[in-house]
Each structure stands twice: as C-alpha cells, then as structure tokens.
Amino acid sequence: MMQMRASVLATSILYSLSASRCDAFGIFTAKPRSPSVLHRMKWQLRTQLDATDVATDTKEGEGFKVIIPTQPSSTWDSAQVEDRVMEAFDAMVDSTEFWQSVDRGIASIPLFGDAQVRIQRHEHQQDAFELELTASLSSASSSASSPAAPADSQPPLSIRDFRWICAKLHECRAMFGDVLDMSVLDDLMITHQQSAQSQFAGTDAAHAKLSGSPVIDEIFACNVNALQELKTNGYTVIDTNLLASEESHHRLSQLLQIKSSQDATIRTDTIKFLDRTMATDCGLQQQHDVLMGLASYLNEYYFGHDQALQEAWPFPPRLPATTERPLTNPKFIQAAEYNANEFYVAHRDNVYLDDTQQQRRLRPRRRSNLRYITCILYCNDNWTKKDGGALRLYPNTTTHPMTNINTDELEHVDVLPCNGRLLIFESMLLHSVEKVKHPTKKRLALTCWINRPDESSLDFADTAGSGSDSN
C-alpha cells in the first residue's frame with residue numbers, strides 16, 4: 001500500500017489531468033508543511049519509485065533544462081514578450097503552495113529541498129526561453145544510499161523531478177499561450193505520464209472480489225439498456241440499492257480532512273484514496289467491491305461480445321490486460337467530499353496528447369494516462385436539484401479541444417448525486433461538478449477509474465532526457 005501511495009504521489013504532485021489531469025491523484029495538503037516534513041515526504045517518495053530514473057551521477061550545480069520557443073505569430077516586441085512570460089510564470093507560482101516565489105521568473109520548491117526553477121530568455125536564441133531546474137546537491141550525495149534518510153537530507157534531483165516541473169508548466173500553458181509555444185513539452189508530458197504509470201498497469205479484473213458475482217448482474221438488471229447507452233452515448237446512469245447509511249457517511253467524512261492540491265479556482269473538494277480495509281471501516285465494503293467488480297463485468301459483456309470493439313483499439317494490450325479482457329482495476333478508489341459552494345470546473349479524467357492534425361496522420365492518438373472508464377457511486381441521502389452539486393456531463397466531447405472552450409455552448413446532462421446512483425462514463429468525456437448550494441449538506445462520492453493499459457508506452461522514448469542533454 002505504501003508503494004501505491006508513493007506512486008499516487010508521483011503522478012500528480014504537479015500535474016492536474018487529469019489531465020489530468022490530473023491526473024487526479026496525489027500530494028494533498030491543508031497547509032504548508034515544514035521543510036523537514038517536506039524532506040521526509042520527498043525521500044519516502046523517491047525510495048518508492050523506480051531507482052533507474054534517478055540521476056545519481058548529477059554533480060553539484062548541474063540541473064535540467066528545456067528550451068521553449070516563442071510563438072511565431074506573436075506581434076509583441078522582445079521586451080513585451082519577456083514581460084508577458086515573467087508575469088505568466090509568477091502567476092503560475094502564485095497558483096500553488098508547492099512553489100514559492102524568489103524573484104521575477106525564479107521560484108523555489110521546498111519539496112525538492114533547495115531546488116530552484118528559473119525561466120529566462122535563452123542566451124543564444126532570442127526567440128526562445130529556457131526553463132531550468134537546479135539545486136545544490138552536496139547534502140544529498142551523502143544520503144542517497146541511506147535506507148532511512150534524516151529530516152535534513154535530500155535525494156538527488158532526477159529527470160523525473162524535472163518532468164514534474166514541466167508538468168506544472170504544461171498544466172498552466174494557457175497562461176503562456178499567447179507568447180510561448182508549449183507544444184515542445186508534449187513529448188515530455190507523454191514520457192512523464194508513462195514513466196509515472198509504467199510500474200502499475202492495474203490488477204487483473206478477474207481477481208476482484210465480485211468478479212463473476214450475481215451482485216453485479218443484479219445492478220445492471222436495474223437498467224437493462226446500460227451497456228448499449230454506454231456504447232452509444234458514452235455514459236449510463238443506474239440507480240442501485242447500494243445505499244450508504246448516515247453512519248457510513250459520517251465515518252467517511254471524518255477521513256476526508258485533506259484538500260486537493262489543485263488551484264482553488266479549479267477544484268475545492270476534499271479527497272482520500274481508500275483501500276478495501278478503509279472502505280470496510282466506513283461501512284462501505286459492498287460499495288467498494290461493486291466498483292472494483294465493474295471492470296470484470298465490462299470485460300465480459302461490453303468487450304467480450306463485441307469483436308469490433310476489441311479490434312478498434314490502435315495499440316496492443318499490456319498485461320495483465322488482454323485483447324478480450326482489456327480493462328484492469330486500480331488499487332484504490334477515491335472518496336471526494338464537496339461542502340457548500342465547492343465545485344470542480346470542466347475537465348477530463350484522461351486526454352489525448354497528440355493534438356495536431358500532422359501528429360494524428362503520423363501515428364495513432366495517445367492518452368495522457370491509462371484511465372478508460374470512470375465509475376462514480378454517490379452516497380447522499382435526500383439530495384435534490386436545489387442542493388446543486390450535480391455532475392454536469394458533456395456528451396460527444398472526447399475529442400473536443402480544451403483550449404478556449406466555452407461550455408455554455410455545449411450540450412450537457414446533469415446527474416444528481418443521489419444515494420446509490422451509479423454513473424459510468426468514458427474518461428475522455430468533459431465533465432464538471434457544479435457548485436453545492438445547500439449550506440450544510442456534504443456531497444460524497446466514490447470513484448473508481450478503470451484502466452485500459454496498452455503498449456503505446458513502447459513508442460514513448462525518453463525524449464525528456466535527450467532533450468535536456470541537448471541544451
């Protein structure tokens with residue numbers, strides 16, 4: 001479980017998916033942590049991750065760089081472009097507690113010890129800027145081999161650390177969109193996501209507690225058209241008898257003490273990842289088991305009876321997935337709570353990374369993570385429309401561009417978070433959580449992201465490493 005927590009930590013420390021963003025997992029904190037706590041968090045994280053990606057031979061003063069060109073269409077002069085870049089960078093730093101402003105265009109990251117991130121005009125290319133991560137690693141070199149690092153020690157910086165930095169930049173690319181060409185980060189983001197997830201492609205859905213159980217059959221019997229709706233519309237809603245009790249609601253709410261790390265203008269919920277033991281302690285074992293049992297059912301009845309659906313996927317499956325059973329389970333489900341006036345803006349749980357038409361001609365479209373189907377089970381008694389908090393789903397948006405999106409112009413469906421209601425939809429669909437309007441009610445939901453792992457990661461060469469070396 002500790003390993004998964006560290007992996008969860010890695011995939012979302014500075015990346016929102018969900019993507020994606022992020023996402024979507026993560027380091028979450030209700031208040032800034034002391035440097036010693038941050039050092040321990042980082043050390044525990046690094047010791048749980050794939051050691052082959054650690055730059056153990058990095059010398060003091062060395063770092064990682066990437067060159068980001070300016071937009072060729074920019075009509076601003078050189079000074080205006082530089083001012084705009086610095087303003088955007090400083091605004092990005094202010095948007096997260098994990099970064100601390102040092103000076104114009106410079107930020108420190110306490111989680112990475114004495115590391116600093118700097119953006120500046122490239123010395124030899126006036127039409128480009130340079131993003132650099134550097135740190136003094138003298139304290140880290142003596143502790144890198146120690147199994148239990150003291151509070152003031154720090155693992156050496158790695159290319160993975162730099163990918164996290166670039167992930168934040170990529171997340172906030174709209175801030176730089178009129179002056180910097182962020183497409184240079186696309187391949188690096190692919191590598192970032194794949195390396196973060198390559199250790200865990202999911203567990204075999206057939207091993208779930210309720211795999212093959214009539215309990216799942218009975219749930220789909222509540223809506224006999226559910227699978228066809230999922231295939232046709234990209235989503236389906238099933239009202240089940242999986243009702244969370246008031247006591248379960250209270251126990252789960254007590255666990256949810258840590259706010260999401262994402263910008264409060266994006267989401268304001270409180271979340272926690274639950275294993276089966278934690279769900280059982282909250283009286284939600286059946287809900288957990290059903291969510292984990294859905295992948296096996298979908299493998300059997302959604303994919304198993306549709307060869308065309310199996311063959312339509314552009315990449316071979318990655319074990320434990322197979323062509324006939326392409327879906328796998330995560331290790332955890334997520335519990336999320338929204339209180340009065342809390343919300344989550346329109347987003348996707350997964351996105352396509354190959355955005356340009358030229359890229360699509362050259363290769364199949366690749367995803368930012370492994371999520372394929374999102375399953376949400378709601379736990380709220382007596383919830384009404386006037387309470388707000390609906391999940392607003394935008395059908396037919398799996399390939400809708402995210403830049404300059406105006407959701408007011410899109411068709412949408414509102415799903416109220418009523419107790420026992422199960423919502424299943426394609427993870428690529430745009431969706432939001434509307435603001436909770438009731439002054440005292442807590443909106444609780446359990447989410448399981450079903451994976452579809454494939455071997456597209458074989459195409460993802462470590463371009464980040466070579467790109468940094470070339471600078």
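## Exercises on strands and helices

**Exercise 1.** Work out how β14 pairs with β17 and with β19, and whether β14 is buried or exposed.

*Solution.* Start with β17 (residues 421-426): five bridges link this strand to β14, and the two run antiparallel. Keep in mind that this is a predicted model. To pin down the register, look at Thr-374, which sits opposite Phe-425 in β17.

Next, take β19 (residues 443-451). Seven bridges tie this strand to β14, again in the antiparallel sense. Here you can use Tyr-378 as a marker, since Ala-445 is the bridge partner of Tyr-378 in β19.

Now for burial. A residue counts as buried when its relative accessible area is under 20%. Eight of the eight residues of β14 (residues 371-378) pass that test, so the strand is largely enclosed by the rest of the structure. For context, 56% of the 471 residues of the protein chain count as buried.

**Exercise 2.** Trace the open sheet that holds β13, β18, β15 and β16, and find which strands stand at the edges.

*Solution.* First get the order: the four strands line up as β13-β18-β15-β16, with antiparallel pairing. Then check the ends. β13 (344-347) and β16 (413-415) each have a single partner strand, so each has one side with no neighbour in the sheet. From one strand to the next, the twist averages 15 degrees.

Finally, zoom in on β15 (residues 391-394) and β18 (residues 430-433), an antiparallel pair held by four bridges. In this pair, Tyr-394 faces Leu-430 of β18.

**Exercise 3.** Describe how helices α8 and α12 pack, and sort the residues of their contact by type.

*Solution.* Begin with the geometry: α8 (residues 214-221) and α12 (residues 285-303) meet at an angle of about 80 degrees, and their axes are 10 Å apart. Angles of 65 to 115 degrees count as roughly perpendicular, and α8 and α12 therefore fall in that class.

Then list who touches whom. α8 brings Val-215, Ile-216, Asp-217, Ile-219 and Phe-220, while α12 supplies Val-290, Gly-293, Leu-294, Tyr-297, Leu-298 and Tyr-301. Sorted by type, that gives nine nonpolar residues, one polar and one charged.

**Exercise 4.** Find which residues Arg-84 contacts beyond its neighbours within four places in sequence.

*Solution.* Locate Arg-84 in helix α3 (residues 78-94). With those neighbours set aside, the contacts are Trp-76, Met-175, Asp-178 and Val-179. As a distance check, take Leu-180: this residue is 96 places from Arg-84 in sequence, yet their C-alpha atoms are 9.6 Å apart.

Technical notes: Residues numbered from 1 in each chain as written. Predicted model: local features only at pLDDT ≥ 70, side-chain atom pairs only at ≥ 80, totals over all residues. Heavy atoms only, no water. Pairing = 2+ DSSP bridges. Axes fitted to C-alpha atoms, helices over the stretch in contact; angles between N-to-C directions. Parallel < 35°, antiparallel > 145°, perpendicular 65-115°, else oblique. Contact = heavy atoms within 4.5 Å. Nonpolar A, V, L, I, M, F, W, Y, C, P; charged D, E, K, R; others polar. Buried < 20%, exposed > 50% of the residue type's maximum accessible area, 1.4 Å probe, protein only.
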